[in-house]
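Visitor: Please give me a close look at the places where charged side chains pair up. I'd like to follow the reasoning from the rule to the residues, and then see what surrounds them.

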Amino acid sequence: MDDADFDDLMTEKRMSNEELAEEARRWDGREVTPAGWVDAPEAVPRANESMQINIRLPIKMVEILQEFARRAGIDYQVLMKRWLDDRIRQERERRLEEQEPLRR
């Protein structure tokens, strides 16, 4: 996999900088509001509900994470949170699928 393929993979399902700027403009202009939204209790909490933790990782692993993040144009801690968020959602979905036959 070359750098271009990697960059495409890392930005898949993510908004571009232009799309993010437009989304921010729409929120700032009150064109979009959360009125009428349904709570999503299964959603992973965001920054306003964050807790700082300390974790020891091998130096090489951190270097690899930093390189992945550099290629994606984001901070490595943001990358780690995204990956954890993705994995939590995958595991939740897998558990729900496993429990589905039991409900029948």
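Guide: Let's start with the rule: a salt bridge is called when a side-chain nitrogen of Lys or Arg lies within 4 Å of a carboxyl oxygen of Asp or Glu. The idea behind it is simple enough, since side chains of opposite charge can pair when their charged atoms come close. Keep in mind that this is a predicted model. Counted by that rule, there are nine salt bridges.

Take E31 and R26, whose side chains meet at 3.8 Å, N to O. That pair qualifies because 3.8 Å is within the 4 Å limit. As for how covered the two are, anything under 20% relative accessible area is buried and anything over 50% is exposed, with partly exposed in between. E31 has 48% relative accessibility, so it counts as partly exposed. R26 is partly exposed too, with a relative accessible area of 31%.

Next comes E22, which forms a salt bridge with R25; here the closest N and O atoms are 2.6 Å apart. These two sit three residues apart in helix α2, which means that about one helical turn separates E22 from R25. Run them through the accessibility cut-offs and E22, at 37%, counts as partly exposed, as does R25 at 41%.

Over in helix α4 (residues 76-103), you'll find R94 and E98 four residues apart, again separated by about one helical turn. Their side chains meet in a salt bridge at 2.5 Å, N to O. R94 is at 36% relative accessibility and counts as partly exposed, while E98 is partly exposed with a relative accessible area of 45%. Back with the earlier residues, E22, R25, R26 and E31 are joined into one network by salt bridges that share partners.

Now for the setting. The protein chain has four helices and zero strands, so from the N terminus on its elements run α-α-α-α. Buried residues make up just 9% of the 104 residues.

Between α2 (17-28) and α3 there's a loop, and I53 lies in it. I53 is exposed, with a relative accessible area of 60%. Together with M51 and I55, I53 makes a nonpolar surface patch of about 380 Å².

Helix α3 (residues 59-72) has 14 residues and reaches 20 Å from its first C-alpha to its last, close to the 20 Å expected at 1.5 Å a residue. Its buried residues are L65, A69 and A72. They cover an arc of only 60° around the axis, so they end up on the same side of α3. Turn to the face pointing away from that buried side and you meet the exposed residues I59, K60 and R70. Just after α3, G73 takes a positive phi of about 75°.

One last thing before you lean on any of this: confidence varies along the chain. Among the elements, α3 has the highest mean pLDDT, 93, whereas helix α1 (residues 3-11) has the lowest, 52. Overall, the protein chain averages a pLDDT of 77, and 68% of the residues score at least 70.

Definitions and conventions
Residues numbered from 1 in each chain as written. Predicted model: local features only at pLDDT ≥ 70, side-chain atom pairs only at ≥ 80, totals over all residues. Heavy atoms only, no water. Expected span 1.5 Å × (residues − 1). Buried < 20%, exposed > 50% of the residue type's maximum accessible area, 1.4 Å probe, protein only. Arc of directions from axis to C-beta. pLDDT = per-residue confidence, 0-100. Patch = residues over 30% accessible without salt bridge, like charges linked within 9 Å, V, L, I, M, F, W, Y side chains within 5 Å. Areas by Shrake-Rupley, 256 points an atom, 1.4 Å probe, with all protein chains shown as cover.
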